[in-house]
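Me: I'd like to practise reading a fold from its model. Can you take me through one, feature by feature?

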Amino acid sequence: MMAFCPRRHPLAAKSEITPADLEGVRLIHLGPRDGARMQIESAFGSRGNSLQWAFEVHQSVTAIRLVAAGAGITISPMFAADSVRDADVVAVPLTHPRLTN
């Protein structure tokens, strides 16, 4: 999984992001039927309840466009990086033992 961040966000400069890094950060969530979301919720467990989910969208591309607009950070599979053509978005690996790409 990757965390997609606005280029100017402090987390964009990290070599990897942990779930703890995401606390207090505005996040963009994928829809409840999205496989990536189910994996994130399972991996984060109760910590997911303490995250600040600001938006919910149905496609990774939409989430990444919101990231480019500065609305927050999204977590998506690595393949979503292929859709990033915006120089204002940086993909940083999200490290968690229960998350895969």
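**Reading the cavity, the sheet and a few residues**

Reply: Let's start inside. In this predicted model, the lining of the largest cavity draws at least two residues from each of S2, H1 and S4.

Me: Which of the elements gives the most to that lining?

Reply: That's S2, with three residues. The full set lining the largest cavity is Ile28, His29, Leu30, Arg37, Ile40, Trp53, Thr74 and Ile75. Sorted by class, you get five nonpolar, two polar and one charged residues.

Me: What volume does the largest cavity have, and how many cavities are counted?

Reply: The volume is about 40 Å³. With the threshold set at 30 Å³ or more, the count is one cavity.

Me: Okay, let's zoom out. In what order do the elements run along the chain?

Reply: Starting at the N terminus, read β-β-α-β-α-β-β. That goes with two helices and five strands in the chain.

Me: And how should I think about strands coming together in a sheet?

Reply: The general idea is that strands of a sheet pair through backbone hydrogen bonds, either parallel or antiparallel. Here the five strands form an open sheet in the order S3-S2-S4-S1-S5, and the pairing is mixed. Strand S3 (52-57) and strand S5 (89-93) are the edges, each pairing on one side only. On average, neighbouring strands of this sheet are turned by 30 degrees against each other, direction ignored.

Me: Which strands run parallel, and which antiparallel?

Reply: Go pair by pair. Strand S2 (residues 26-30) pairs with S3 in the parallel sense, over five bridges; one partnership to look up is His29 with Glu56 in S3. S2 and S4 run parallel too, joined by two bridges, and Leu27 stands opposite Ile73 in S4. Strand S1 (residues 2-6) and S4 run antiparallel, with three bridges between them. There, Ala3 has Ile75 of S4 as its bridge partner.

Me: S4 keeps coming up. Are its two faces covered or open?

Reply: Both are covered. Ile73 and Ile75 on one side are buried, and so are Thr74 and Ser76 on the other.

Me: Where does helix H1 lie relative to the sheet?

Reply: Helix H1 (residues 35-44) lies across S2, S3 and strand S4 (73-76). Its direction makes an angle of about 125 degrees with S2.

Me: Let's try single residues. Is Ser60 buried or exposed?

Reply: Check the relative accessible area against the cut-off: buried means under 20%. Ser60 comes out at 16%, so Ser60 is buried. This serine lies in helix H2 (residues 60-68). Leaving aside neighbours within four places in sequence, Ser60 is in contact with Leu30, Ser76 and Ala80.

Me: And why is Ala54 put in the partly exposed class?

Reply: Because its relative accessible area is 33%, and partly exposed covers what falls between under 20% and over 50%. Ala54 is in strand S3. With neighbours within four places in sequence left out, Ala54 is in contact with Arg26 and Leu27. Look at Val25 as well: 29 residues away along the chain, its C-alpha atom is 9.1 Å from that of Ala54.

Me: What about the chain as a whole?

Reply: Two figures help. Buried residues make up 42% of the 101 residues. Then take the contacts between residues at least 6 apart in sequence: 78% of them join residues at least 24 apart.

Notes. Residues are numbered from 1 along each chain as its sequence is written. This is a predicted model: local features need pLDDT of at least 70, side-chain atom pairs count only at pLDDT 80 or more; totals for chains, interfaces and linings use all residues. Side-chain values use heavy atoms; hydrogens and water are left out. Two strands pair if DSSP finds at least two bridges between them. Helices (H or I, at least four residues) and strands (E, at least two) are DSSP runs, numbered from the N terminus. Axes are lines fitted to C-alpha atoms, for helices over the stretch in contact, and angles run from 0 to 180 degrees between N-to-C directions. Contact means heavy atoms within 4.5 Å. On a 1 Å grid over the protein atoms alone, a cavity is a set of points where a 1.4 Å probe fits but cannot get out, and a pocket is an open set with protein on both sides within 12 Å along at least five of seven lines; lining residues have an atom within 4 Å of a point. Grid points are joined across faces, edges and corners, and a volume is the space filled by probe spheres set on the points. Ala, Val, Leu, Ile, Met, Phe, Trp, Tyr, Cys and Pro count as nonpolar, Asp, Glu, Lys and Arg as charged, and the others, Gly among them, as polar. Buried means under 20% relative accessible area, exposed over 50%, partly exposed in between (1.4 Å probe, protein chains only).
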